[in-house]
Amino acid sequence: MKESVLITGGNGFIGAHVSNKFVSLGYKVFVLCRRGTSDNVEFNQNVEKGNIQVIKGSIIDFDYNSIHEKFKYIIHVAGKVSPYGKLEDFLATNYDSTKRLLEYANTQPSLECFSYLSSTAVYGYGGYKHLLETAPKKPFNNPYSISKLQTENLVKTFAEKNNINYLILRPGNVFGEYDYTSSNEIYSRVKRQKMSICAGGKYLSCFVYSGNLAEAIAYTTTHPSCYNTDYNITDGQDETLKEYLTMVANEFGVKPKFTNFPAPLAKMVASLVEGTYKLFHIKKAPLITKFSIWQNCADYNFSIDKLLRTGYKPTTDFKTAIKNTCEWYNSIDTAKKK
């Protein structure tokens, strides 16, 4: 009999890759999400085949008591992700909904692990190279970063109090196929030679390919020796933003061409734009935010030595990951032109 896993936000960019991974490992996959389909073609195929069962609902108010399945793992991917907004809105979605899910997890007698997907944003933008998990958490003054750290503390405290095995997983900057939030825009601009960078793109970054991230989540979740701690998850590369974008351009077969904005100018513009949006109570996130600019104006790089010591190894190399993402972008770009 197949064991079951519940994945919140399992039809989203990251969640769909995680859902597909657990299907490939032979689990019964249940996905809590607001709609039944995904941008991920393989996810939709797995739903059609009955490999993934979709439970429609929002993490904010879903009645978990309506689920009668017993889960071995719960993986909490869903949450509010944005570089802009009000802290109370982020806490309502990220913190409060996680508390409700933890309370449900506490009723699951067969549960082996509760995995929470956080972010390296909890460390802040202080200029980091190979930063360890033990480093102080100093989130940027941004509601997303603050809500993620508060939720991390909730997961750890609740799990330890109630003897629940837990994981806090912190991905870096995720890219890959079906990423319509950032990769789509970035790869489009690189291909059209209209990509803008700040500070010359000279600082180290922390990219992680979606396929490798899904494998890392599945590996740590299903290996008890990994439990009750936190892990940074990146591809372990020491690439700068410019190096990464140059690899993307090379894969597209175009000359790397970037418009550079000096760090002081980029920060000033971001502050002015964001300040204007707040002054006029504009809810939509501006195209340029302090959150995105500050991240690229200092080294933002994390050690994954702790993760590698568990026995996990990224299976897709960086060049292949970029190639896969470029091929995906080319496919949707071609479809747009038809």
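Start with the second largest pocket, which in this predicted model has a volume of about 280 Å³. To bring it up, select Lys80, Ser82, Tyr84, Gly85, Lys86 and Asp89, then add Tyr277, Lys278, His281, Ile282, Lys283 and Ala285; together they form the pocket's lining. Now colour that selection by residue class: you should get five charged, four nonpolar and three polar residues. Lysines to pick out in this lining include Lys80 and Lys283.

Keep Tyr84 from that lining on screen, and select Glu274 next. Glu274 sits in helix α8, which runs over residues 263–279. Is Glu274 buried or exposed? Its relative accessibility is 7%, and since buried means under 20%, Glu274 counts as buried. Which residues does Glu274 touch, leaving aside those up to four places away in sequence? Show Tyr84, Thr289 and Lys290, and you have them. So much for Glu274; note that Tyr84 turns up both among its contacts and in the lining of the second largest pocket.

Next stop, the enclosed space. The count comes to one cavity of 30 Å³ or more, and the largest cavity holds about 50 Å³ of space. Select Gly201, Tyr203, Leu204 and Ser205, add Leu241, and finish with Gln295, Asn296, Ala298 and Tyr300 to see what lines the largest cavity. Try the class colouring again here: five of the lining residues are nonpolar and four are polar, with no charged ones. For a last side-by-side view, put that cavity lining, with no charged residues, next to the lining of the second largest pocket, with five charged residues.

Definitions and conventions: Residues are numbered from 1 along each chain as its sequence is written. This is a predicted model: local features need pLDDT of at least 70, side-chain atom pairs count only at pLDDT 80 or more; totals for chains, interfaces and linings use all residues. Side-chain values use heavy atoms; hydrogens and water are left out. On a 1 Å grid over the protein atoms alone, a cavity is a set of points where a 1.4 Å probe fits but cannot get out, and a pocket is an open set with protein on both sides within 12 Å along at least five of seven lines; lining residues have an atom within 4 Å of a point. Grid points are joined across faces, edges and corners, and a volume is the space filled by probe spheres set on the points. Ala, Val, Leu, Ile, Met, Phe, Trp, Tyr, Cys and Pro count as nonpolar, Asp, Glu, Lys and Arg as charged, and the others, Gly among them, as polar. Helices (H or I, at least four residues) and strands (E, at least two) are DSSP runs, numbered from the N terminus. Buried means under 20% relative accessible area, exposed over 50%, partly exposed in between (1.4 Å probe, protein chains only). Contact means heavy atoms within 4.5 Å.
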